[in-house]
Every structure is written in structure tokens, then in C-alpha cells.
Amino acid sequence: MDIKKVLSGLGPYDQSKLEKTRSDKLKSQRESDAGSSSARGDKVSISDEAQLRTEAYSTASSASDIRHDKVAEIKARIEAGEYEINTRKIAENIVKEDLDFFS
């Protein structure tokens with residue numbers, strides 16, 4: 001025996017009545033919101049900082065990750081046998097960046 005079928009439609013807490021009440025409330029709220037926003041008009045304002053961030057992000061995302069002039073210069077130096085890797089300078093920069101990160 002399914003108790004839900006026996007009790008369905010009985011009492012003030014019937015699920016279908018609750019759902020209908022909820023949907024009616026949502027519908028009337030949407031209608032009132034729509035009426036009030038169309039009468040006033042919607043307005044959006046963006047701060048100067050947000051506009052600057054958006055512009056900076058757009059510029060950064062459109063920029064190439066590869067510096068072709070630098071790559072060409074290093075290629076030419078490698079082919080000429082003039083390119084030397086300064087491991088000490090690399091290590092110093094890594095340590096400096098780590099120290100700056102924790103400061």
C-alpha cells in the first residue's frame with residue numbers, strides 16, 4: 001500500500017497546493033519586478049578601476065607570448081657560437097624572486 005496515494009489531496013500541506021502557491025508567488029513577483037524596472041529603466045555603471053582592468057586584460061590577452069625579436073637574437077648568437085648561459089645569474093634571479101615573493 002502506498003501511503004502517498006491515500007493521503008494525497010488531504011490537508012493544507014498538500015504538495016501540489018504548495019507548488020502552485022510557490023509558482024503563483026514567483027509569477028506575481030516577476031510581473032511586479034518587470035513593471036517596476038521598465039518604468040524606472042535599468043542602469044549599470046562600471047567604475048574607472050573596472051574599466052582599466054578590463055582594458056589591461058584585453059591588451060594582455062591579445063599580446064603574443066613570444067617575443068620574436070628576442071628569439072631571433074638568441075638564435076643568431078647560438079648559431080654564431082656566442083651565446084653563453086650564465087647559470088649564476090639565473091640562480092640569483094630565482095632566489096631574488098623567491099625572496100620578493102615572501103616579503
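Is Ile-94 buried, partly exposed or exposed? Ile-94 is partly exposed, with a relative accessible area of 49%, because that value falls between the limits of 20% for buried and 50% for exposed. Ile-94 belongs to helix H5, and this residue returns below in the accounts of the surface and of the largest pocket.

## Overall architecture

The structure described here is a predicted model. Its secondary structure consists of five helices and zero strands. Read from the N terminus, the order of elements is α-α-α-α-α.

The protein has 103 residues, and buried residues account for 1% of them. Its accessible surface amounts to about 10,200 Å². Carbon and sulfur atoms contribute 55% of that surface.

## Salt bridges

Side chains of opposite charge can pair when their charged atoms come close. In this model, three salt bridges are counted.

One salt bridge joins Arg-53 to Glu-49, with 2.7 Å between the closest N and O atoms. Both residues lie in helix H3, which covers residues 48–62. They are four residues apart, about one turn of the helix. Arg-53 is exposed, at a relative accessible area of 57%, whereas Glu-49 is partly exposed, at 49%.

A salt bridge also links Glu-73 with Arg-77, and here the closest N and O atoms are 3.9 Å apart. Because the rule admits a nitrogen within 4 Å of a carboxyl oxygen, this pair is counted. Glu-73 and Arg-77 are both part of helix H4 (residues 68–79), where four residues, about one turn of the helix, separate them. Glu-73 is partly exposed, with 41% relative accessibility, and Arg-77 is also partly exposed, with 32%.

## Helix H5

In helix H5, which spans residues 87–102, Arg-88 and Glu-92 are four residues apart and so are separated by about one helical turn. Their side chains meet in a salt bridge, at 3.5 Å from N to O. Arg-88 counts as exposed, at 62% relative accessibility, while Glu-92 counts as partly exposed, at 45%. Ile-94 lies in helix H5 as well.

## A nonpolar surface patch

Which residues form a nonpolar patch on the surface? The patch is made of Ile-78, Tyr-83, Ile-85, Ile-90 and Ile-94. Together these residues have about 480 Å² of accessible area. Ile-94 meets the accessibility requirement for a patch because its relative accessible area is 49% and the cut-off is over 30%.

## The largest pocket

The largest pocket holds about 170 Å³ of space. Its lining is formed by Tyr-83, Glu-84, Ile-85, Asn-86, Lys-89, Ile-90, Asn-93, Ile-94 and Glu-97. By residue class, the lining comprises four nonpolar, two polar and three charged residues.

The pocket and the nonpolar patch share residues: Tyr-83, Ile-85, Ile-90 and Ile-94 appear in both. Ile-78, by contrast, is named in the patch but is not among the residues lining the pocket. Ile-94 thus brings together several features of the model: a position in helix H5, a place in the nonpolar patch and a place in the pocket lining.

Notes. Residues are numbered from 1 along each chain as its sequence is written. This is a predicted model: local features need pLDDT of at least 70, side-chain atom pairs count only at pLDDT 80 or more; totals for chains, interfaces and linings use all residues. Side-chain values use heavy atoms; hydrogens and water are left out. On a 1 Å grid over the protein atoms alone, a cavity is a set of points where a 1.4 Å probe fits but cannot get out, and a pocket is an open set with protein on both sides within 12 Å along at least five of seven lines; lining residues have an atom within 4 Å of a point. Grid points are joined across faces, edges and corners, and a volume is the space filled by probe spheres set on the points. Ala, Val, Leu, Ile, Met, Phe, Trp, Tyr, Cys and Pro count as nonpolar, Asp, Glu, Lys and Arg as charged, and the others, Gly among them, as polar. Helices (H or I, at least four residues) and strands (E, at least two) are DSSP runs, numbered from the N terminus. Buried means under 20% relative accessible area, exposed over 50%, partly exposed in between (1.4 Å probe, protein chains only). Patches are made of residues with over 30% relative accessible area and no salt bridge: like charges are joined within 9 Å, nonpolar side chains (Val, Leu, Ile, Met, Phe, Trp, Tyr) within 5 Å. Accessible areas come from the Shrake-Rupley method with a 1.4 Å probe; for residues, only the protein chains shown count as cover.
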